[in-house]
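Trainee: I've got a new structure open and I'd like to learn how to read it. Could you walk me through a few features?

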Amino acid sequence: MLPSKIKILNIRRMSTKQLEPQYSRIDSLSTIVSSKAMLPYRTWKSVLWFLLTYILTIGLLVSACTNYWLIGPEDGAGNPAHVGFVQDCSVTNKSVEGSPDTTQLVFRCNGIRTNFQSLMLIIVTATLGVGILSLFFLTILMLVYCFCDQLTACGRSFHTLAGIWQATSSVLVLIGVFLFPLCWEQDWVTNICKTSSVYHLGDCVPGYSLYLAIACSVLGYFLAGFSTSLDKKSFEITEFASMESLDTYKQRI
């Protein structure tokens, strides 16, 4: 005889051995309930989380690949100088054509940066790179996992693991941004910003790449909390008056 009411609580964490023999028919339902709770894109909140994570990852990639972290004064041709991590840019004096004795400032970028002049520049670049690439790989996993039925690892759901991953990556990007001013006294910055020093911009102003990195990393941290909160709502207690109710529920989901 089955009890008058059957309760299924957190059923995805129960193994077959933990269920009494008379509940063997419930075991097939446990997989269905688990899949329904674990698929990440079943609700509009999960879709919103995915889209915002995808957008902020693109924003961070744009921020890292553009050279507008700091914007300096214009050169002799009216082109504003700018500083970033990808390209090695500088301002030099160049003789004016037709007037050898006259020179003017010329801003020029010399391709991809290959010469890292200090340990601090390496640390900042590596911290930003690891944080941004981690978020990039997370978006790839999100696209892959949306076609999977079971999204668990180490006893935790996809939303929880993704939230932890996202928060860690966002914090790494923020650390890189806060360490960036420590590089402002180096030659590759002072060549453009002139009197810049640690936490002093000199003749430069912050560029859109810097603002974009800050905004996306802060958004990523809050989205991480949003992701873990979605997982808390995947557990529920369902009461069934009879085994027939179980079969009806199974067909409905």
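Trainee: Let's begin with strands. In which sense do strand 2 and strand 3 pair, and over how many bridges?

Mentor: Keep in mind that this is a predicted model. Strand 2, residues 70-74, pairs with strand 3, residues 80-83, in the antiparallel sense, and three bridges link them. To see one position, look at E74: P80 in strand 3 stands opposite.

Trainee: What is special about G78 in the hairpin of strand 2 and strand 3?

Mentor: That hairpin has five residues between the strands, and G78 there takes a positive phi near 85°.

Trainee: Which strand is joined to strand 2 by two bridges?

Mentor: That's strand 8, residues 205-206, and the two strands run antiparallel. Try finding I71 on your screen: its bridge partner in strand 8 is V205.

Trainee: Okay, now pockets. How does anyone find empty space in a protein?

Mentor: Rolling a probe the size of a water molecule over the atoms shows where space is left empty. Here, the second largest pocket has a volume of about 180 Å³.

Trainee: Which helix gives the most to the lining of that second largest pocket?

Mentor: Helix 3 does, with five residues. Helix 2 (44-65) and helix 3 (119-145) each supply at least two residues of this lining. Among the lining residues are L61, W69, F85, T125 and L133. Sorted by class, the lining has nine nonpolar residues, two polar ones and no charged ones.

Trainee: And aromatic rings? How do I describe two of them together?

Mentor: You give the distance of the centres and the angle of the planes. A search of the whole structure turns up nine aromatic pairs. Take Y221 and F222: their ring centres are 6.4 Å apart and their planes sit at 85°, so this pair is edge-to-face.

Trainee: Are Y221 and F222 buried or exposed?

Mentor: Y221 is partly exposed, with a relative accessible area of 46%. F222 is exposed, because its value of 60% is over the 50% cut-off.

Trainee: Which residues form one aromatic cluster?

Mentor: W69, F85, F180, W184 and W188 do. You've met two of those names already: W69 and F85 also line the second largest pocket.

Trainee: One last residue. Is Q166 buried or exposed?

Mentor: Q166 is buried, because its relative accessible area of 0% is under the 20% cut-off. You'll find Q166 in helix 4, residues 158-179. Leaving out residues up to four places away in sequence, Q166 touches W49, T53, L56, L135, L138, G220, L223 and A224.

Note on methods:
Residues numbered from 1 in each chain as written. Predicted model: local features only at pLDDT ≥ 70, side-chain atom pairs only at ≥ 80, totals over all residues. Heavy atoms only, no water. Pairing = 2+ DSSP bridges. Helix = DSSP H or I, 4+ residues; strand = E, 2+ residues; numbered from the N terminus. 1 Å grid on protein atoms, 1.4 Å probe; cavity = no way out; pocket = protein on both sides within 12 Å on 5 of 7 lines; lining within 4 Å. Points joined across faces, edges and corners; volume = space filled by probe spheres on them. Nonpolar A, V, L, I, M, F, W, Y, C, P; charged D, E, K, R; others polar. Phe/Tyr/Trp six-rings, centres within 6.5 Å; stacked < 30°, edge-to-face > 60°. Buried < 20%, exposed > 50% of the residue type's maximum accessible area, 1.4 Å probe, protein only. Contact = heavy atoms within 4.5 Å.
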